[in-house]
Amino acid sequence: MTLLVGETLVPMLFVSDATYLTNFSGDSKVWPLYMSIRNIKSSVRNRPTFHAWVPVALLPSSPKGIKKVPGWSEKKQEQEAIQVHHDLLRFLLRPLSRAA
């Protein structure tokens with residue numbers, strides 16, 4: 001892909017990690033998905049006071065953390081869980097692809 005004159009490429013970063021909701025719902029966890037722009041210096045981006053990370057969504061579960069259902073092959077369950085996360089991320093990021 002070649003950028004035309006006047007076009008700009010904005011590299012995006014996405015991160016997620018487990019957050020416990022113990023105070024609200026027992027021992028449940030969610031995975032907040034955050035977005036930032038790559039060409040912000042990491043020393044600036046990683047300072048909480050600069051608010052360089054924007055929350056995008058709360059993912060309900062980790063792609064690796066699935067509950068095993070009896071009667072289904074474990075490999076198929078893992079593949080379906082990963083596919084659900086891919087579909088969810090594709091849906092969440094669709095506005096960015098349309099902007100491009």
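Among the elements of the protein, helix α1 (residues 22–25) comes out with the lowest mean pLDDT, 63, while α2 has the highest, 90. This is a predicted model, and across the protein the pLDDT averages 82, with 85% of the residues scoring at least 70. Where pLDDT is low, the predicted coordinates should not be read in detail. That caution applies here to helix α1, given its mean of 63.

As for the overall layout, the protein has 3 helices and 4 strands. Read from the N terminus, the elements go β-β-α-β-α-β-α. Of the 100 residues in the protein, 13% are buried. The exposed surface of the protein adds up to about 8300 Å², and carbon and sulfur atoms supply 61% of that area. On the contact side, counting pairs with a separation of 6 or more, 35% of the contacts link residues 24 or more positions apart.

Salt bridges come next. A search of the whole structure turns up 2 of them. One joins lysine 76 to glutamate 80, with the closest N and O atoms 3.1 Å apart. Both partners sit in helix α3 (residues 74–99), 4 residues apart, or about one turn of the helix. Lysine 76 has a relative accessible area of 44%, so it is partly exposed, and glutamate 80 is also partly exposed, at 32%. Another salt bridge pairs arginine 90 with aspartate 87, at 3.0 Å from N to O. Here again helix α3 holds both residues, this time 3 residues apart, which is about one turn of the helix. Arginine 90 counts as exposed because its relative accessible area is 51%, just past the 50% cut-off for that label. Aspartate 87, at 36%, is partly exposed.

Arginine 45 is a charged residue in another setting. It belongs to helix α2 (residues 42–45), the element with the highest mean pLDDT. Arginine 45 is buried yet makes no salt bridge, and the nearest side chain of opposite charge, that of aspartate 17, is 15 Å away. A salt bridge needs the nitrogen and the carboxyl oxygen within 4 Å, so aspartate 17 at 15 Å does not qualify as a partner. What does surround arginine 45? Setting aside neighbours within four places in sequence, its contacts are Leu13, Ser36, Ile37, Arg38, Ile40, Ala52 and Trp53.

Past helix α2, the loop between α2 and β4 contains histidine 51. Its backbone stands out a little: histidine 51 has a positive phi of about 50° although it is not a glycine. With a relative accessibility of 63%, histidine 51 is classed as exposed.

On the nonpolar side, Phe14, Val56 and Leu96 make up a patch on the surface, with about 210 Å² of accessible area together. Phenylalanine 14 comes from strand β1 (residues 12–16), and its relative accessible area of 31% makes it partly exposed. Patch members need over 30% relative accessible area, so phenylalanine 14 at 31% passes that cut-off. Valine 56 comes from strand β4 (residues 54–59) and is likewise partly exposed, at 32% relative accessibility. Beyond its neighbours within four places in sequence, valine 56 is in contact with Leu33, Tyr34 and Met35. Serine 36 is 20 residues away from valine 56 in sequence, and the two C-alpha atoms are 10.0 Å apart in space.

Leucine 92, placed in helix α3, gives a view of how that helix meets other parts of the chain. Apart from neighbours within four places in sequence, leucine 92 is in contact with Leu33, Ala57 and Leu59. Leu33 also appears among the contacts of valine 56. Alanine 57 lies 35 residues from leucine 92 along the chain, and their C-alpha atoms are separated by 8.0 Å. Is leucine 92 buried or exposed by the classification used here? Neither label fits: leucine 92 is partly exposed, with a relative accessible area of 24%, and buried would require under 20%.

Definitions and conventions: Residues are numbered from 1 along each chain as its sequence is written. This is a predicted model: local features need pLDDT of at least 70, side-chain atom pairs count only at pLDDT 80 or more; totals for chains, interfaces and linings use all residues. Side-chain values use heavy atoms; hydrogens and water are left out. Helices (H or I, at least four residues) and strands (E, at least two) are DSSP runs, numbered from the N terminus. Buried means under 20% relative accessible area, exposed over 50%, partly exposed in between (1.4 Å probe, protein chains only). Contact means heavy atoms within 4.5 Å. Lys and Arg count as positive and Asp and Glu as negative; His and the chain ends are not counted. Patches are made of residues with over 30% relative accessible area and no salt bridge: like charges are joined within 9 Å, nonpolar side chains (Val, Leu, Ile, Met, Phe, Trp, Tyr) within 5 Å. Accessible areas come from the Shrake-Rupley method with a 1.4 Å probe; for residues, only the protein chains shown count as cover. pLDDT is the predictor's confidence in each residue, from 0 to 100.
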